[in-house]
Amino acid sequence: MTVRAATYNVRGLRDSVPALRRVISAMRADVVCVQEAPRLLNWRARRRDLAARCGLRVAAGRRRGGVAVLTGPRVEVLHAESHLLSVIAGLETRALAVAVVAVEGVRLAVGSLHLDLREPARLRHAAEAMALMRRAASRFDAGMLLGGDLNEHPHQPTWRYLAAQLTDCYAAAPGDDGLTFPARRPQHRIDALFATRDTRVASCGGVAAANADLTEASDHLPVLAELRVVP
């Protein structure tokens, strides 16, 4: 059974929302991990509207931290939780949104994470997020899928920490050059999907959407993976 999963920093819907909708719709994803989801005026309605216009719904995510998990029509949401990660003076509040879902009998704890620009904060928050993900997965006997804007590169400590425990989906089955930032002239791979090690990654890379939409929708490019999982 195939699960289509994506992660996408949508920059607070400050760019072209119609282009963003077209990109997300082109994913045909079962789960989408969102970073920089709206968190100011009418944030709930704006998140719901974005999801609904793409054939999705908001499964998890509160205002603070700006992370959310969206799910598609064939996904059953079993549980949702949101956590503020430890506060570090002078830095932005970070959070983890988790939705435990079932897709054709397969259970996954899906988390969305947006890490800081400062390395010590990234590593600390990644460790906290992994503990929370493990707890949710264990409670529901589920696999794990973590998507996020890591704000660092694969050779750096936080990315290596996550890749030591989960499979870096792009590294397992690269579908293109993997670069995600900045969208108009990508030079860095700082957005990623990580899955439980026994998950088979069929492919991972960008989204087959119009280039004009990809560059107008956000300053990040999305990452989309096809995962082969069994009950």
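In this predicted model, T71 is buried, with a relative accessible area of 0%. The residue belongs to strand β4, which covers residues 67-71. Setting aside residues up to four places away in sequence, T71 touches D30, V31, L56, R57, A59, V77 and V101. Two of these partners return below in the account of the nonpolar core: V101 is a member of that core, and V31 is also touched by L145.

**The protein as a whole**

The protein contains six helices and 12 strands. Its radius of gyration is 16 Å, close to the 17 Å that the globule rule gives for 231 residues, so the protein is as compact as a globular protein of that length. Along the principal axes, the C-alpha trace spans about 45 × 40 × 35 Å. Buried residues account for 56% of the 231 residues, and the accessible surface comes to about 10000 Å², with 50% of that area belonging to carbon and sulfur atoms. When contacts between residues at least 6 apart in sequence are considered, 71% of them join residues that are at least 24 apart. As for charge, the protein carries 32 positive and 23 negative side chains, and the centres of these two sets lie 5 Å apart.

**The nonpolar cores**

In soluble globular proteins, nonpolar side chains tend to be buried together. Here the largest nonpolar core has 29 residues, and the members that touch the most other members are V101, V110, L145, C169, C204 and L227. Strand β6, residues 95-103, gives this core its largest share, namely five residues. A second, separate core holds 25 residues, including V34, A37, L50 and L214.

Which residues does L145 touch, not counting those up to four places away in sequence? They are A5, V31, A109, V110, G111, M133, L193, F194, A195 and L227. Both V110 and L227 in this list are also among the core residues named above.

**Loops and backbone details**

Most residues other than glycine have a negative phi, and most peptide bonds are trans. Against that background, three places in the loops of this model deserve a careful look, and they are set out in the table.

| Site | Location | Backbone value |
|---|---|---|
| L13 | loop between β1 (2-9) and α1 (17-27) | phi near 60 degrees |
| N151 | loop between β8 (143-149) and α4 (157-165) | phi near 55 degrees |
| F181 to P182 | P182 in the loop between α5 and β10 | cis, omega near -10 degrees |

Is L13 buried or exposed? L13 is buried, with a relative accessible area of 11%, a value that lies under the 20% cut-off and therefore counts as buried.

H188 lies in the loop between α5 (169-172) and β10 (191-195), and P182 is found in the loop between α5 and β10 as well. In contrast to the buried T71, H188 is partly exposed, with a relative accessible area of 30%. Leaving aside neighbours within four places in sequence, H188 is in contact with H153, L179, T180 and F181, and F181 is the residue from which the cis peptide bond runs to P182. The C-alpha atoms of H188 and N151 are separated by 9.5 Å, although the two residues are 37 residues apart along the chain. N151, in turn, has a positive phi in a residue other than glycine.

How values were computed. Residues numbered from 1 in each chain as written. Predicted model: local features only at pLDDT ≥ 70, side-chain atom pairs only at ≥ 80, totals over all residues. Heavy atoms only, no water. Helix = DSSP H or I, 4+ residues; strand = E, 2+ residues; numbered from the N terminus. Rg over C-alpha atoms; globule rule 2.2 N^0.38 Å. Buried < 20%, exposed > 50% of the residue type's maximum accessible area, 1.4 Å probe, protein only. Contact = heavy atoms within 4.5 Å. Areas by Shrake-Rupley, 256 points an atom, 1.4 Å probe, with all protein chains shown as cover. Lys, Arg positive; Asp, Glu negative; His and termini not counted. Charge placed at Lys NZ, Arg CZ, Asp CG, Glu CD. Core = buried A, V, L, I, M, F, W, Y, C linked by side-chain atoms within 4.5 Å.
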